[in-house]
Each structure stands twice: as C-alpha cells, then as structure tokens.
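Subject: Structure handover

Hi,

Here is the structure I promised to pass on to you. Please have it open while you read, since my notes go through it residue by residue.

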Amino acid sequence: MENNKKYALVTGGSAGIGKEIALELARSGINVAINYRKRQEEASKIVEEMKSLGVEAIAIQADVSKYEEVENLLKKVNEVFPVLNIVINNAGITSDALILRMKEEQFDSVIDVNLKGVWNVCKVASKYLLKSPNARIVNISSVAGIRGNIGQTNYSAAKAGVIGLSKSLAKELASRNVTVNVVAPGFIDTEMTEKLSDAIIDEAVKHIPLSRIGVVSDVAKAVKFLVSDDASYITGQVIAIDGGLSI
Ligand code: NAP
C-alpha cells in the first residue's frame with residue numbers, strides 16, 4: 001500500500017515525542033490525525049506543518065483517560081479519514097514522588113492517562129483498524145516500565161502495564177494481521193525531562209552506554225520503522241530506545 005493511502009492517529013501529538021512521530025509519519029507520506037488535551041494552538045501549527053508536506057492532517061481534542069472522549073475522538077477521525085491503518089498511543093504524563101509522599105490522586109491520574117488511556121484507545125480503535133488489511137499499533141512505554149525508577153511507582157506501574165497490555169493485544173489481533181508493538185524510550189529531551197534537575201540528568205547519563213540523552217527523532221524513526229511494510233513480521237515486541245540504559 002502506498003503511504004499516501006495510509007491514515008494514522010497519534011495521541012499526545014501536540015508536543016515532544018508525539019509531535020515528532022506525527023511529523024515523521026507525515027514526511028513519509030502518511031496522513032495523520034493528532035490528538036491533544038490542552039495545546040490547541042500548538043496542535044494547529046503542527047497540522048499546518050504536516051499539510052505543507054502534502055498529506056491530510058487534522059487535530060482533535062480529547063482526554064484519552066476518558067472513555068467517552070476517546071469514542072468521540074475515533075468517531076471524528078472516522079468522519080474525516082476513509083480508513084484507519086495506524087494508531088500510536090503516545091499521550092502520557094508524569095507525577096513523580098517517593099511512595100511515602102505520593103498522593104493517591106497522583107497514582108490514579110498517571111494510571112488513568114498512561115495505562116487506561118492506552119486501553120481506551122486500543123479498545124475503541126480496534127474496530128476501525130480491523131477494517132484495514134494490515135493495521136499497526138505502537139504503544140509508547142518507558143525504560144521505567146522495564147527497570148523501575150525511584151519516585152515513579154505510579155508511572156512505572158502504568159508503563160509496565162502497557163507492555164503486558166500490548167503483548168496480550170498482539171496475540172488477540174494477530175489472526176487479523178494487526179501488529180502491536182511497544183517502544184520504550186529512555187531519557188529523551190522533551191518538556192517531560194526538562195522538569196528533571198541537571199543533577200538527575202547528569203547521573204542518568206553516567207548509566208547510558210551511549211553517553212547521551214536521546215532526541216525525539218531517535219524515537220520517531222523507530223516508530224516509523226514499526227509501522228512500515230518492512231516490520232510486517234514483528235509483533236508483541238518491546239524496542240528500547242534508550243542508548244543502552246536498559247541493558
Ligand atoms: P510531553 O512533551 O509532556 O508531551 C505529552 C503529550 O501528551 C502532549 O501532547 C500532551 O498534550 C499529551 N497528553 C497528556 N495527557 C493527555 C491526555 N490525558 N489526553 C490526551 N493527550 C494528553 O511528553 P513526551 O516526553 O513527549 O512523552 C511522550 C510519551 O513518551 C509519553 O507516553 C511518555 O511517558 C513517554 N516517554 C517519554 C520519555 C522522555 O524522556 N521524554 C521517556 C520515556 C517515555 P497537551 O499538552 O496538549 O495536553
């Protein structure tokens with residue numbers, strides 16, 4: 001299938017890794033719907049940038065943690081796009097604290113967006129993806145979901161959950177030729193990591209074999225590969241994009 005006949009949804013596409021994934025897919029000729037929660041202006045600019053690359057592009061506001069909003073999101077995508085071939089579950093938040101200081105709401109909010117949000121989108125999008133001959137789902141987890149991380153009992157639990165969810169879904173959808181894979185970034189330079197102190201970043205870099213934190217294109221290029229025809233025999237896998245941190 002030519003890329004310009006492919007249609008993708010990228011959640012959390014208004015910033016950081018999601019923005020770069022959307023642009024990378026658009027650069028390869030894929031039509032893209034981005035979802036965002038708050039940043040409408042930024043999302044509109046990204047839509048214009050994608051359109052200038054010659055693809056169809058739209059932005060739709062929805063909180064992925066809310067099932068009804070996800071139903072509306074997919075309905076709107078379906079009204080504009082004739083088919084849905086690719087879903088990238090990228091939207092995510094952090095709310096870090098050591099467990100003794102972490103409030104119950106911090107645990108719940110991170111699980112709601114980072115794990116329930118992925119389930120909501122997978123569940124609602126599946127019925128659209130199953131109409132496509134070889135659809136793709138890529139879920140963004142984290143090195144924290146593989147190795148754990150101090151101050152992130154909520155985030156690590158959600159991101160480990162994304163891995164389990166994706167492996168189960170890969171088995172469920174394989175007979176319909178839908179692949180489901182996970183990308184697990186390490187430290188990537190975005191607003192999410194800007195919140196971390198220089199001391200934490202410097203300490204992290206000491207443990208990264210490639211001795212640098214990653215950039216958004218490191219993740220986006222792996223996602224582009226996983227949704228390409230070259231990755232058609234890969235499913236249920238977790239690809240760490242972390243400079244070797246998880247070795
Ligand atoms: P970011 O710069 O903070 O961007 C987060 C994106 O998610 C924004 O577009 C935001 O939209 C959207 N979002 C947040 N909550 C949402 C919700 N409830 N519904 C819909 N959209 C929502 O984060 P990032 O660093 O690019 O991270 C992207 C993904 O990679 C996340 O899943 C994150 O956990 C994962 N990750 C990041 C790193 C890293 O080092 N940066 C490492 C490992 C994994 P609005 O701003 O418009 O609300």
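Below are my notes on the annotated sites, two further residues and a pocket. Please keep in mind that this is a predicted model.

**The annotated residues**

Let me start with what the record says. An unreviewed UniProt entry gives the feature "binding site" at N90, Y155, S156, A157, A158, K159 and I188. From this set, N90 is taken in by the lining of the second largest cavity. The unreviewed UniProt entry also has an "active site" annotation, and that one covers Y155.

Y155 sits in helix α6. Is Y155 buried or exposed? Its relative accessible area is 8%, so Y155 is buried, the cut-off being under 20%. Once neighbours within four places in sequence are set aside, the contacts of Y155 are I93, T94, V110, N114, S142, A144 and M192.

S156 is also a residue of helix α6. With 10% relative accessibility, S156 counts as buried. Beyond four places in sequence, S156 touches A144, G145, G148 and N149. One of these contacts may interest you in atomic detail: the S156 side chain reaches the backbone oxygen of A144 at 3.2 Å. A144 therefore turns up twice in my notes, because it is in contact with Y155 and is touched by S156 as well, both under the 4.5 Å heavy-atom limit.

A158 has its place in helix α6 too. Its relative accessibility is 0%, and A158 therefore counts as buried. Which residues does A158 touch, not counting those up to four places away in sequence? They are V110, I111, N114 and L115. V110 and N114 are also among the contacts of Y155.

**Two more buried residues**

S141 lies in the loop between β5 (136-140) and α5 (143-147). At a relative accessible area of 2%, S141 is buried. Leaving out neighbours within four places in sequence, S141 is in contact with K159, V162, I163, V182, V183, A184 and P185. In this list K159 is a residue you have met above, as part of the "binding site" feature in the UniProt entry. If you want a distance to check in your viewer, the C-alpha atoms of S141 and K116 are separated by 13 Å, and the two residues are 25 apart along the chain.

E20 belongs to helix α1 (residues 16-27). What is the relative accessible area of E20? The value is 14%, so this charged residue is buried under the 20% cut-off. Apart from residues up to four places away in sequence, E20 touches R27, V216, S217 and A220.

**The second largest pocket**

Since you may want to look at pockets, here is one. The second largest pocket holds about 160 Å³ of space. Two elements give two or more residues to its lining, namely α4 (104-129) and α6 (153-173). Helix α6 provides the largest share, with five residues.

The lining consists of W119, C122, K123, S126, L165, S168, L169, E172 and L173. Sorted by class, the lining has five nonpolar, two polar and two charged residues. Helix α6 thus links the two topics of this email: Y155 is found in it, and it gives five residues to the lining of this pocket.

Happy to talk any of this through.

Best wishes

Definitions and conventions: Residues are numbered from 1 along each chain as its sequence is written. This is a predicted model: local features need pLDDT of at least 70, side-chain atom pairs count only at pLDDT 80 or more; totals for chains, interfaces and linings use all residues. Side-chain values use heavy atoms; hydrogens and water are left out. On a 1 Å grid over the protein atoms alone, a cavity is a set of points where a 1.4 Å probe fits but cannot get out, and a pocket is an open set with protein on both sides within 12 Å along at least five of seven lines; lining residues have an atom within 4 Å of a point. Grid points are joined across faces, edges and corners, and a volume is the space filled by probe spheres set on the points. Helices (H or I, at least four residues) and strands (E, at least two) are DSSP runs, numbered from the N terminus. UniProt positions are given in the numbering used here, feature names are shortened, and annotations may be inferred rather than shown by experiment. Buried means under 20% relative accessible area, exposed over 50%, partly exposed in between (1.4 Å probe, protein chains only). A polar contact is a pair of N or O atoms within 3.5 Å; within protein, one must be able to donate a hydrogen and the other to accept it, and residues adjacent in sequence count only if both atoms are side-chain atoms.
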